[in-house]
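Please take the sequence and the coordinates together, and read the paragraphs below with the viewer open. They begin at a single residue and then widen to the whole chain.

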Amino acid sequence: MAARAVRKGVVAAALTAAVVLTGCSSGDGEPVDDEIAGSATPSGDTGTAAGGGEEAGGEGSQAQDVAALESLYADYWAALVTMENAEELDPSPLAGIASQELTEQQVSRIRPFKDNGMRRDGEPAVDKVTVTVDGDTARIESCVDEDAWLLLKNGEPADLELLGPAPRVFDAERVEGDWLITDTVPAEEANVTC
């Protein structure tokens, strides 16, 4: 829990410095050229909330849940950026942030790139973060632009199709009082327009 508090402090500082991290996935389990992960720099949009009433799942107010989920979302993509920018694959940054199943999916997605001498450099831009809470479940959406997030192969820039901003959607769940990001959702289900 202390590590999570320290991580939240680091994220709060990063948010103050206007750095937020997010990520990407095709939602179908297959990596896409521009989908080695995702993180972000916001363009000024802040999260919005929708959903059920003053209390969410009995664990706190709607505003508290939205704030916790925005922080968790930033933590999640900070972890993915750390994993993808590193030379070696280490899933430990996702501990306490993502479910075991989602962590395994991300490791499976990233491993082929690492095995082929590839990593990322920099981070993607993220904006239009939207959080919708419904009791002990939530959906997080945003626009992610990975065009400035370089793909390196053996230390040299590799070709990567520039696609501009695209919607990213994730589900989260409150587990034993704490939120975890549990799944990627196909972009076709996004309400956010990028």
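**From one loop residue to the whole chain**

With a relative accessibility of 61%, Asn 154 counts as exposed, where exposed means over 50% relative accessible area, buried under 20% and partly exposed in between (1.4 Å probe, protein chains only). The model is predicted, so that local features need pLDDT of at least 70 and side-chain atom pairs count only at pLDDT 80 or more, while totals for chains, interfaces and linings use all residues. Residues are numbered from 1 along each chain as its sequence is written, and side-chain values use heavy atoms, with hydrogens and water left out.

Asn 154 sits in the loop between strand 5 and strand 6, and it has a positive phi of about 50° although it is not a glycine. Lys 128, in strand 3, likewise has a positive phi, near 55°, in a residue other than glycine; Lys 128 is partly exposed, with a relative accessible area of 32%. As background, most residues other than glycine have a negative phi.

The two strands that flank the loop of Asn 154 are joined by 2 bridges and run antiparallel, strand 5 covering residues 150-153, and Leu 152 stands opposite Pro 157 in strand 6. They belong to an open sheet of 3 strands in the order 2-5-6, with antiparallel pairing; two strands pair if DSSP finds at least two bridges between them. Strand 2 (118-121) and strand 6 (156-157) are at the edges, each with a single partner strand, so one side of each has no neighbour in the sheet.

In the chain there are 3 helices and 8 strands, these being DSSP runs numbered from the N terminus (helices H or I, at least four residues; strands E, at least two). The order from the N terminus is α-β-α-α-β-β-β-β-β-β-β.

Turning to the interior, the largest nonpolar core has 26 residues, and Leu 69, Tyr 76, Ile 140 and Ile 181 have the most contacts inside it. Such a core is a set of buried Ala, Val, Leu, Ile, Met, Phe, Trp, Tyr and Cys residues joined through side-chain atoms within 4.5 Å. Helix 2 (62-85), helix 3 (100-115), strand 3 (125-134), strand 4, strand 7 (166-175) and strand 8 each supply at least two residues of this core, and helix 2 gives the most, with 9 residues. Tyr 76 touches Leu 94, Ile 97, Ala 98, Leu 102, Gln 106, Phe 170 and Ile 181, not counting residues up to four places away in sequence, a contact meaning heavy atoms within 4.5 Å.

Strand 4 also holds Ser 142, which is buried at a relative accessible area of 0%. The side chains of Ser 142 and Tyr 73 are joined by a polar contact of 2.4 Å; the term denotes a pair of N or O atoms within 3.5 Å, where, within protein, one must be able to donate a hydrogen and the other to accept it, and residues adjacent in sequence count only if both atoms are side-chain atoms.

A search of the whole structure finds 1 disulfide, a pair of cysteine sulfur atoms within 2.5 Å. Cys 143 and Cys 194 form it, with their sulfur atoms 2.0 Å apart, and it links distant parts of the chain, Cys 143 lying in strand 4 (residues 137-145) and Cys 194 in the segment after strand 8 (178-185), 51 residues apart. Cys 143 is buried at 3% relative accessible area, whereas Cys 194 is partly exposed at 39%.
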